Amino acid sequence: MENNVFTYIEEEGKRQEKNIELIASENFVSEDVKKAVGSCLTNKYAEGYPSKASIEKFCLTHPDYVHYGKTGRYYGGCENVDMVELEAMYWCRKAFHTDYHCNVQPHSGSQANSAAFASVLTPGDTILAMNLEQGGHLTHGSPVNFSGNIYNAVHYTVDDRGFIDYGDIEAKIKEFHPALVVAGASAYSRVIDFARIRGIIDSLSTDEYKPYFMVDMAHIAGLVITGEHPTPFGLADIVTTTCHKTLRGPRGGLIFSRPELAKKVDSAIFPYSQGGPLLHIIAGKAVAAREACTEEYRAYIHQVVLNTRAMADRFIELGYEVVTGGTDNHLFMIDFTRTHPNLSGKAVQDELDKHFITLNKNCVPNEKRSPMQTSGVRIGTAAMTTKGWKEQDAVECADRIDRILRSM
């Protein structure tokens with residue numbers, strides 16, 4: 001009997017090859033990452049963390065490695081996967097130029113955020129994060145998500161231009177005294193001033209009150225690595241990320257933390273929220289992190305920024321409203337509210353799919369439509385830059401999209 005799963009996999013491969021992929025949270029991994037993810041490591045159970053003996057062996061060839069977290073597995077036969085996990089921890093720290101502790105076990109960005117919260121919060125504590133409808137993320141306190149159910153979530157906003165309102169962050173800290181302040185977004189096209197947020201937190205802290213500062217850099221991880229976006233390291237207490245966006249790795253998450261929080265973070269992953277780690281995915285993370293340390297990767301991320309800016313600027317020339325008036329990173333949003341009021345994000349998404357252009361509908365600041373309809377779309381160029389796009393390709397794609405939308 002034919003196995004239909006492999007037919008669908010083949011068809012998806014053809015779709016990815018044929019389509020223009022503009023979803024900002026997607027990318028194309030290298031053959032080495034795919035090889036690691038599809039390896040025999042998927043067969044191995046390894047609850048816990050690398051053993052002390054494995055760490056000592058690893059340090060013989062990596063003398064600059066310092067281990068902060070927990071140690072010890074609950075299964076035998078882990079000598080090889082211990083080394084794989086240590087390689088991932090080592091190269092992730094190298095890629096981000098940090099001496100923070102690195103936990104490479106989170107199954108996803110959402111799992112990373114869940115564990116990060118659990119490591120420093122108790123249920124009912126107040127968190128302050130960016131409003132979802134204005135560019136934040138579901139796991140930053142949405143009422144339909146665990147983060148908004150377990151914790152008391154308060155949100156800061158963007159100003160009339162779509163930029164983060166740092167004055168609102170300060171006002172909300174003063175009013176609500178959150179235990180944790182979260183920076184990071186899923187649909188924000190400008191630099192996030194981590195140093196400014198750190199300064200606000202420090203200015204409002206006392207001997208009795210000092211909130212933790214967490215950064216979710218899932219979207220901009222690759223830009224942080226290459227210096228295209230300011231780093232949160234040295235400013236945030238905890239930093240989380242996914243691996244499959246601009247980092248160009250497998251699906252999964254990472255948690256970085258100050259060394260003094262290492263064991264709390266490790267415990268929040270295992271045994272609190274996860275069991276056995278996905279060693280095949282961790283191997284893929286190690287490969288991707290090492291690739292991110294190359295000059296080729298640095299040039300790639302720089303080209304992503306150039307392509308995104310060129311595409312956003314072209315849409316503005318064509319009469320579209322780009323949120324914040326431009327972009328500093330790998331994505332931007334188009335708001336149809338005033339310029340194309342008859343277009344919804346869903347309608348645009350569905351129509352472009354027919355023309356083999358893939359993007360996603362997205363809420364915009366002061367959204368009037370439902371999240372299933374939206375008044376905007378989100379566009380990113382990381383995936384197509386992996387395929388070789390330059391600025392002119394991005395401009396030509398904007399022109400093509402414009403012609404399609406004019407015919408709707």
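Glu11 and Lys14 form a salt bridge in which the closest N and O atoms are 3.4 Å apart. The model in which this pair appears is a predicted one. Both residues belong to helix H1 (residues 4-18), and because they are three residues apart there, about one helical turn separates them. Glu11 counts as partly exposed, since its relative accessibility is 42%; Lys14 is likewise partly exposed, with a relative accessible area of 45%. Side chains of opposite charge can pair when their charged atoms come close. The structure holds 22 salt bridges, and two further examples within helices may be considered.

In helix H7 (residues 166-176), Asp168 and Lys172 lie four residues apart, about one turn of the helix. Their salt bridge brings the closest N and O atoms to 3.1 Å, and both Asp168 and Lys172 are buried. Helix H8 (residues 194-204) likewise contains two partners four residues apart, Arg198 and Asp202. The closest N and O atoms of this salt bridge are 3.2 Å apart. Arg198 is buried, as its relative accessible area is 9%, whereas Asp202, at 40%, is partly exposed. Through salt bridges that share partners, Arg198 and Asp202 are joined with Asp237 and Arg258 in one network.

The chain as a whole provides the setting for these pairs. The chain contains 15 helices and 15 strands, and its C-alpha atoms fill a box of roughly 65 × 60 × 40 Å along the principal axes. For 408 residues, a compact globule would have a radius of gyration near 22 Å; the value for the chain, 21 Å, agrees with this. Buried residues account for 56% of the 408 residues. Of the contacts with a separation of 6 or more, 74% join residues 24 or more positions apart. The chain exposes about 17500 Å², of which carbon and sulfur atoms supply 51%.

Two sheets deserve a closer description. Strands of a sheet pair through backbone hydrogen bonds, either parallel or antiparallel. One open sheet comprises seven strands in the order E4-E10-E9-E8-E7-E5-E6, with mixed pairing. Strand E4 (101-103) and strand E6 (152-156) stand at its edges; each has a single partner strand, so one side of each is left without a neighbour in the sheet. On average, and with direction ignored, neighbouring strands of this sheet are turned by 20 degrees against each other. Within it, strand E9 (residues 238-242) and strand E10 (residues 253-257) pair in the antiparallel sense over five bridges, and Val239 stands opposite Phe256 in E10. Helix H5 (residues 109-120) lies across strands E5 (126-130), E7 (180-183), E8 (212-216), E9 and E10, and runs at about 165 degrees to E9.

Another open sheet is built from four strands in the order E11-E12-E15-E14, and its pairing is antiparallel. Its edge strands are E11 (321-322) and E14 (360-362), each of which pairs on one side only. E11 pairs with strand E12 (residues 331-335) in the antiparallel sense over two bridges, and Glu321 stands opposite Asp335 in E12. Two helices accompany this sheet. Helix H12 (residues 295-317) lies across E11, E12 and strand E15 (376-380), running at about 15 degrees to E12. Helix H13 (residues 345-354) packs on the sheet and touches E14 and E15; the direction of H13 makes about 170 degrees with that of E14.

Definitions and conventions
Residues numbered from 1 in each chain as written. Predicted model: local features only at pLDDT ≥ 70, side-chain atom pairs only at ≥ 80, totals over all residues. Heavy atoms only, no water. Pairing = 2+ DSSP bridges. Contact = heavy atoms within 4.5 Å. Axes fitted to C-alpha atoms, helices over the stretch in contact; angles between N-to-C directions. Rg over C-alpha atoms; globule rule 2.2 N^0.38 Å. Buried < 20%, exposed > 50% of the residue type's maximum accessible area, 1.4 Å probe, protein only. Areas by Shrake-Rupley, 256 points an atom, 1.4 Å probe, with all protein chains shown as cover. Salt bridge = Lys/Arg side-chain N within 4 Å of Asp/Glu carboxyl O.
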